[in-house]
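Trainee: Could we go through this model together? I keep meeting labels and would like to know what stands behind each one.

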Amino acid sequence: MHSTTHLAVTVFGVTGLFVLAYYLVVNGYYFCLHILALFELRDNVREANWDEPFRRFASPFYPGIALVVPAYNEAATIEESVQSMLSLNYPELEVVVVNDGSTDATLKKLVERFELKEIEAEVPFEVPSEEIHGTYRSTRYEELLVVDKVNGGKSDALNAGIWLTEMPLFCAVDSDTLIDRDALLQIVKPFLKRPGTTVATGGVIRVANECSVRDGLVKEVNLPKTGLPGLQVMEYLRAFYSGRLGLNRLNGLILISGAFGLFRTDVVREIGGYRHDTITEDFDIIVRLHRYLTDEGREYTVDFVPEPVAWTEVPSSRRVLGRQRRRWFRGMVETVVTNRGMLFNPSYGRVGTVIFPFFVAAEMFGPLIEGLGYIILPLAWYFGVLSIEFFIVFFLLTTGFGIFLSWFGVFSEVWSFNRYEDPRQIGRLLWYGVLENFGYRQWKTIVAWQGLLEYFRGVDSWGVMERGGFSVENHKDR
């Protein structure tokens with residue numbers, strides 16, 4: 001009995017020390033990213049304030065952009081979504097809607113609303129997508145192209161649009177995403193500054209729940225009144241204003257949101273487009289671009305621009321949010337495993353030796369080990385390896401540091417482009433930064449373990465994203 005107890009003490013003691021050491025390393029990484037993000041944000045704010053907005057259309061060098069919009073059974077919202085995209089400010093824009101085998105009236109509504117006529121467009125033989133039935137051009141809006149094809153999934157639909165557009169750049173957009181009117185003029189800036197090396201740029205995704213929408217644009221920014229969407233506002237602020245800005249400072253951005261990213265069309269075609277066998281195509285495409293361009297010995301940059309904004313509705317129920325986050329985690333594991341040859345590989349420079357390994361440690365293993373810590377540390381205290389005083393101090397420090405990181409994101413928001421102008425909204429954001437550390441954060445570690453188990457079981461489904469719709473001022477249901 002004594003030997004068993006001694007073994008348990010040793011195991012829990014070693015494991016507990018490992019969890020503590022891992023926590024210090026990961027949070028040291030996060031802290032460094034936040035500091036780097038602050039400098040990067042300062043430079044971006046200065047540049048945004050210096051730009052003269054009335055000259056944005058003066059340059060004759062704006063490259064053409066295709067908005068590629070996969071649509072599957074979107075009859076309820078497709079008309080207003082497309083109309084809002086056609087209203088965006090940009091000199092040369094094409095909206096490519098890909099009807100991915102919808103079984104509802106999506107195509108019919110597009111034909112009627114935009115007066116589509118079928119055209120004899122040459123379909124490239126090598127297009128990596130399911131069969132294309134036909135292509136249509138609007139007689140009212142020449143810049144609207146609609147592609148009708150057999151259902152093949154989001155990546156398949158994106159590939160069809162990428163191969164059928166002649167624009168040098170494309171922006172992958174969800175059909176229910178709302179883009180700020182000037183966002184394309186902002187997100188394209190790196191392509192204007194470094195046209196020979198920029199291959200991808202990403203903007204900010206913000207939570208649209210409770211915001212007022214008119215004519216497909218967010219007119220009044222409000223914070224969600226319910227708990228889960230409010231906590232996700234804090235997550236999005238922290239992810240974009242800290243994580244991606246910090247990585248951008250290191251020239252090592254390895255993730256651009258699939259809801260709002262701009263890419264060079266020819267380079268994405270070179271790598272074969274989006275993979276069909278992944279459920280997180282946004283993460284996968286960026287990692288593959290890094291890998292391909294480095295293997296080819298080509299100079300390139302992937303940039304994050306914090307000024308342009310796209311708005312999306314986030315899940316308001318724990319069931320739907322859990323389904324989404326499990327899918328995200330499965331996709332992250334799949335992408336890491338597929339590209340494991342980049343880990344600690346000096347051939348891939350800073351991305352391979354520092355950024356990708358730390359990303360894996362923090363984002364993939366971090367929540368798993370944190371979940372173990374919630375079990376191991378109390379057991380270590382029970383067996384006398386950790387004192388109750390140490391356990392309490394450690395809990396307060398971890399919670400305090402989590403609140404600090406969240407409040408750092410709020411500070412960055414207020415200091416920079418500040419979409420939440422009401423002081424009461426800022427106060428609620430600060431409260432969300434505290435609240436998420438008590439229950440929500442722990443729940444996310446459970447979801448991560450569930451996602452890992454689903455990965456090992458071979459689950460590859462997307463699941464259904466249930467949406468309540470935006471608060472629309474023009475009395476049309478979204």
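Mentor: Sure. Keep in mind that the model is predicted. Let's start with one pair in the sheet: Gly134 has Asp148 in β5 as its bridge partner.

Trainee: What makes β4 and β5 a pair, then?

Mentor: Two strands pair if at least two bridges link them. β4 and β5 have 5 bridges in the antiparallel sense, so they qualify under the two-bridge rule. A hairpin of 5 residues connects β4 to β5.

Trainee: How do you know that β3 belongs with β4?

Mentor: Same kind of check. β3 and β4 run antiparallel and are joined by 4 bridges, with Leu116 opposite Ser138 in β4. The cut-off is at least two bridges, so this counts as pairing.

Trainee: And why is β3 called an edge strand?

Mentor: β3 (116-119) pairs on one side only, as does β7 (178-179). They end the order β3-β4-β5-β2-β1-β6-β11-β8-β12-β7 of an open sheet with 10 strands.

Trainee: What makes that sheet mixed?

Mentor: Pairing in a sheet can be parallel or antiparallel. Here β4 and β5 are antiparallel, whereas β2 (residues 93-100) and β5 (residues 144-149) pair in the parallel sense over 6 bridges. In that parallel pair, Val96 faces Leu145 in β5. Helix α2 (residues 78-86) packs on the sheet, touching β1 (65-71), β2 and β5, with its direction at about 160° to that of β2.

Trainee: Why is β4 described as mostly covered?

Mentor: Of the 7 residues in β4 (residues 132-138), 5 are buried. Buried means under 20% relative accessible area.

Trainee: Then is Thr280 buried or exposed?

Mentor: Its relative accessible area is 7%, and the buried cut-off is under 20%, so Thr280 is buried. Thr280 is in the loop between α8 (265-270) and α9 (281-295). Beyond its neighbours within four places in sequence, Thr280 is in contact with Arg327, Trp328, Gly331, Met332 and Thr335.

Trainee: What makes the approach of Thr280 to Gly331 a polar contact?

Mentor: The side chain of Thr280 reaches the backbone oxygen of Gly331 at 3.2 Å. The limit for a polar contact is within 3.5 Å, so 3.2 Å passes.

Trainee: Why is Glu115 called partly exposed?

Mentor: Glu115 has 40% relative accessibility. Partly exposed lies between the 20% and 50% cut-offs, so the label fits. Glu210, at 35%, is partly exposed by that reasoning too.

Trainee: What makes those two glutamates stand out in their backbone?

Mentor: Most residues other than glycine have a negative phi. Glu115 has phi near 50°, in the loop between α3 (106-114) and β3. Glu210 has a positive phi of about 75°, in the loop between β8 and β9 (212-214).

Trainee: Which residues touch the most other members of the largest nonpolar core?

Mentor: Leu67, Val97 and Leu144, out of 129 residues. Helix α7 (residues 227-249) gives the most to this core, 10 residues. A second, separate core has 6 residues, including Leu20, Tyr23, Leu386 and Phe394.

Trainee: How do you know where the transmembrane region is?

Mentor: That comes from the record: an unreviewed UniProt entry lists residues 381-410 under that name. In the model, the chain over residues 381-410 is 83% helix and 0% strand, and its end C-alpha atoms are 35 Å apart.

Notes: Residues are numbered from 1 along each chain as its sequence is written. This is a predicted model: local features need pLDDT of at least 70, side-chain atom pairs count only at pLDDT 80 or more; totals for chains, interfaces and linings use all residues. Side-chain values use heavy atoms; hydrogens and water are left out. A nonpolar core is a set of buried Ala, Val, Leu, Ile, Met, Phe, Trp, Tyr and Cys residues joined through side-chain atoms within 4.5 Å. Buried means under 20% relative accessible area, exposed over 50%, partly exposed in between (1.4 Å probe, protein chains only). Contact means heavy atoms within 4.5 Å. Axes are lines fitted to C-alpha atoms, for helices over the stretch in contact, and angles run from 0 to 180 degrees between N-to-C directions. UniProt positions are given in the numbering used here, feature names are shortened, and annotations may be inferred rather than shown by experiment. A polar contact is a pair of N or O atoms within 3.5 Å; within protein, one must be able to donate a hydrogen and the other to accept it, and residues adjacent in sequence count only if both atoms are side-chain atoms.
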